[in-house]
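Let's take a walk through this one together, starting at the metal and moving outward. Have your viewer ready.

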Amino acid sequence: MTFPLPPNATIGLVGGGQLGRMSAMAAARLGYRCHILTREVDSPAAQVAHAVTISDYADPVSLHAFAAAVDVISFEFENVSAEGLALLDALKPVRPAPAVLGISQDRVAEKTFLNNAGVATAPWLPVGSLAELHAAAARLGLPSVLKTTRLGYDGKGQRTLRCQADLSDAWAALDPKPLILEGFVDFACEISVVIARGADGAMSAFDTVENRHRAHILDVTLAPARIAEGVAEAAQSITRRVAAALDLVGLLAVEMFVDPRGQVLVNEIAPRAHNSGHWTLDACPASQFELHIRAIAGLPLPPAVRHSDAVMKNLVGPEGVALWPAILATPGLIPHLYGKTDARPGRKMGHVTRLFPKGALPGEFGVEAALHLASPA
Ligand SMILES: Nc1ncnc2c1ncn2[C@@H]1O[C@H](COP(=O)(O)OP(=O)(O)O)[C@@H](O)[C@H]1O
Ligand SMILES: [Mg+2]
């Protein structure tokens with residue numbers, strides 16, 4: 001098979017969650033089929049896909065069968081072993097390349113890569129032992145944030161250290177080792193940019209958006225971010241620089257802090273669709289999911305323009321699901337549910353978007369009210 005992939009080609013997606021689900025829906029609209037590789041039975045992605053292989057991400061027999069069934073391989077879930085990635089890469093085109101995933105899977109590799117590319121991050125130090133943690137805390141000061149280098153998500157695998165006594169507790173609690181200590185960024189806000197890059201180097205980036213977290217989980221995204229134009233542009237140029245330095249083919253999200261002086265620091269990168277890009281489904285002619293599929297299929301990348309401003313709110317756990325009837329009954333709210341049967345606390349069950357005319361995003365205290373979600377009906 002050669003690129004661009006013709007209609008009815010099969011895209012292999014590793015991971016069965018909501019990102020894979022929305023990518024598979026975008027792929028279907030472009031006339032492609034998706035084959036999902038996931039450990040989970042009845043996953044959100046498999047519910048809307050052409051085919052599914054249910055297996056561990058490391059089982060060579062399953063990886064062979066999956067690769068044989070598809071024309072290109074991409075990801076909604078990044079934590080595939082290096083051996084698994086190497087095997088897939090030997091069998092079919094893998095986009096983004098395994099080296100890109102290797103960087104984003106490991107916070108030390110990620111920050112080393114970013115700093116070498118001239119991109120600023122919070123100060124950080126690798127931490128391999130409790131003694132190293134004490135030394136690192138002495139250099140970076142407190143508060144600081146101790147994280148696992150691998151497998152963290154939604155605030156899992158990290159602790160904020162506020163006093164000396166926290167050090168040994170956090171060291172004992174965090175797993176797997178090794179760890180990384182980051183200076184605490186007293187950020188004015190958190191922002192992100194999602195960018196697509198094709199094999200020819202063409203790039204399309206969505207507008208810089210603002211993200212608010214609740215209990216370490218993304219709660220609300222405001223598109224566009226309500227920040228100074230120069231700061232939004234700095235985020236765009238950092239994102240372009242990172243995508244080019246990675247030689248990315250596919251989609252990349254860059255999470256950033258704006259510090260109190262307006263300086264932009266990269267927090268982390270994810271070479272896949274991102275929760276802070278879900279608003280693009282409703283506010284843009286081509287969403288992050290469509291751009292992901294276009295980039296890996298070798299199709300032209302349209303500009304990532306928005307026709308509306310947007311607020312996106314995540315529906316998390318039982319509280320999120322409880323809002324569903326009120327959301328369906330409220331004109332103007334655009335509902336998305338992911339097909340998960342078990343609404344465990346902290347689990348992302350769906351999201352809801354409200355659009356506004358460009359320039360009419362509500363002010364600081366208008367967001368929840370605009371969503372009509374402050375008190376469920
Ligand atoms: N160095 C830091 N300083 C201040 N806040 C931080 C720092 N690192 C992380 N956080 C907060 O924790 C959240 C989750 O951390 P992140 O590194 O993005 O991990 P995850 O993989 O869980 O998304 C961030 O969005 C931010 O709100
Ligand atoms: Mg994050």
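Which residues are the protein donors of the magnesium ion (ligand 2)? They are Glu255 (OE) and Glu268 (OE), at 2.0 to 2.2 Å from the ion; donors here are N, O and S atoms within 2.8 Å of the metal (3.2 Å for Na, K and Ca), and with water not among the atoms, sites may look incomplete. The pair joins distant parts of the chain, 13 residues apart: Glu255 sits in strand 13 (residues 250–258) and Glu268 in strand 14 (residues 264–270). Strands (E, at least two residues) are DSSP runs numbered from the N terminus. Glu255 is buried at 18% relative accessible area, while Glu268 is partly exposed at 23%; buried means under 20%, exposed over 50%, and partly exposed in between (1.4 Å probe, protein chains only).

A word on the model: it is predicted, so local features need pLDDT of at least 70 and side-chain atom pairs count only at pLDDT 80 or more, whereas totals for chains, interfaces and linings use all residues. Residues are numbered from 1 along each chain as its sequence is written, chains are lettered from A and ligands numbered from 1 in the order written, and side-chain values use heavy atoms, leaving out hydrogens and water.

Now turn to ligand 1. Polar side-chain atoms of Lys147 and Glu190 each lie 2.6 Å from an oxygen atom of ligand 1, and one of Gln158 lies 3.0 Å from a ligand 1 oxygen. Taken alone, ligand 1 exposes 540 Å², of which the protein buries 91% (Shrake-Rupley areas, 1.4 Å probe; for residues, only the protein chains shown count as cover).

Note on methods:
Helix = DSSP H or I, 4+ residues; strand = E, 2+ residues; numbered from the N terminus. Polar contact = N/O pair within 3.5 Å; in protein donor to acceptor, adjacent residues only side chain to side chain.
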